[in-house]
Amino acid sequence: MKEFVSYSEEDTYCIAKEICSSVGGGSVVAFSGGMGMGKTAFVRGALKAYGNDSFVSSPTFSLVHDYGGTPHIYHFDMYRVTSFDDLYSTGFFDYLDNDSILFIEWSENITDALPENTVYISLEKGDSEDIRIIKVRGGGF
């Protein structure tokens with residue numbers, strides 16, 4: 001496991017870039033952390049790392065955003081997913097069968113459905129409101 005400290009959203013972007021340098025097509029990146037911890041900000045930084053300047057927002061109501069690019073990037077929000085039937089209805093399993101990268105917020109709701117090689121990233125509040133502790137495990141971390 002590797003731990004990073006972010007003091008700002010810009011720091012989170014830089015950390016995302018460092019982490020994503022070893023995350024390629026066919027990967028699943030699973031986020032955990034409360035509301036406002038920086039999960040969506042991390043995804044913004046990740047897209048920048050891949051040269052993708054799509055507008056990034058949380059897919060809370062749509063469940064998945066398709067950002068295209070190379071590698072192709074999908075961004076899921078599993079906040080409202082509470083059962084296997086809910087997960088199945090999102091089409092999630094179809095996305096696992098290609099060479100894209102899946103970024104999944106609220107992954108703790110679907111832990112049992114995540115592949116073995118998933119990269120797990122937790123974001124927690126640090127000593128002040130702006131500080132985030134970012135812990136990464138899997139994917140060589």
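Visitor: Hi! In what order do the strands line up in the open sheet?
Guide: Going across, the order is β1-β7-β6-β2-β5-β4-β3, so to speak a row of seven strands with mixed pairing. Keep in mind that this is a predicted model.

Visitor: Okay, and which strands stand at the edges?
Guide: Those are β1 (2-6) and β3 (64-68). Each has a single partner strand, so one side of each is left without a neighbour in the sheet.

Visitor: What does the twist average from one strand to the next?
Guide: The twist averages 20°. On top of that, helix α1 packs on the sheet and touches β1, β5, β6 and β7. The direction of α1 makes about 155° with that of β1.

Visitor: Let's look at β2. How many bridges join it to β5?
Guide: Three, and β2 and β5 run parallel. One pairing you can look up is Val28, whose bridge partner in β5 is Leu102.

Visitor: And how many bridges join β2 to β6?
Guide: Four bridges there, and those two strands run parallel. Here Phe31 has Ile121 of β6 as its bridge partner.

Visitor: So do β6 and β7 run parallel or antiparallel?
Guide: Antiparallel, with six bridges joining them. Ile121 turns up again in this pairing, standing opposite Val136 in β7.

Visitor: Back to β2 for a sec. How many of its residues are buried?
Guide: Four of the five, which leaves β2 mostly covered.

Visitor: New topic: the inside. How many residues does the largest nonpolar core have?
Guide: It has 24 residues. Val29, Phe31, Phe42, Tyr50, Phe103, Ile121 and Ile134 are the ones with the most contacts inside this core.

Visitor: Which elements supply at least two residues of this core?
Guide: Two helices do, α1 (9-20) and α2, along with the strands β2 (28-32), β5 (101-105), β6 (119-125) and β7 (132-137).

Visitor: Take Val29. What does it touch?
Guide: Leaving out residues up to four places away in sequence, Val29 touches Val23, Ile101, Leu102, Phe103, Ile104, Val119 and Ile121.

Visitor: And what does the second core include?
Guide: That separate core has 14 residues, among them Val28, Val81, Phe92 and Ala113.

Visitor: Now helix α2. How many of its residues are buried?
Guide: Eight of the eleven in residues 39-49, which makes α2 mostly covered. The buried ones are Lys39, Thr40, Ala41, Phe42, Val43, Gly45, Ala46 and Leu47.

Visitor: What happens just after α2?
Guide: Gly51 takes a positive phi there, of about 75°.

Visitor: Zooming out, how many helices and strands are there in the protein?
Guide: There are four helices and seven strands. Starting from the N terminus, the elements run β-α-β-α-β-β-α-α-β-β-β.

Visitor: What would the radius of gyration be for a compact globule with 141 residues?
Guide: It would be near 14 Å, and the protein has 14 Å, so the two agree. The C-alpha trace spans about 40 × 30 × 30 Å along its principal axes.

Visitor: How much of the protein counts as buried?
Guide: Of the 141 residues, 47%. As for the outside, the protein exposes about 7,200 Å², and carbon and sulfur atoms supply 49% of that.

Visitor: Last one: what share of the contacts with a separation of 6 or more comes from residues 24 or more positions apart?
Guide: Residues that far apart account for 59% of those contacts.

Note on methods
Residues are numbered from 1 along each chain as its sequence is written. This is a predicted model: local features need pLDDT of at least 70, side-chain atom pairs count only at pLDDT 80 or more; totals for chains, interfaces and linings use all residues. Side-chain values use heavy atoms; hydrogens and water are left out. Buried means under 20% relative accessible area, exposed over 50%, partly exposed in between (1.4 Å probe, protein chains only). A nonpolar core is a set of buried Ala, Val, Leu, Ile, Met, Phe, Trp, Tyr and Cys residues joined through side-chain atoms within 4.5 Å. Contact means heavy atoms within 4.5 Å. Two strands pair if DSSP finds at least two bridges between them. Axes are lines fitted to C-alpha atoms, for helices over the stretch in contact, and angles run from 0 to 180 degrees between N-to-C directions. The radius of gyration is taken over C-alpha atoms; the globule rule is 2.2 Å times the number of residues to the power 0.38. Accessible areas come from the Shrake-Rupley method with a 1.4 Å probe; for residues, only the protein chains shown count as cover.
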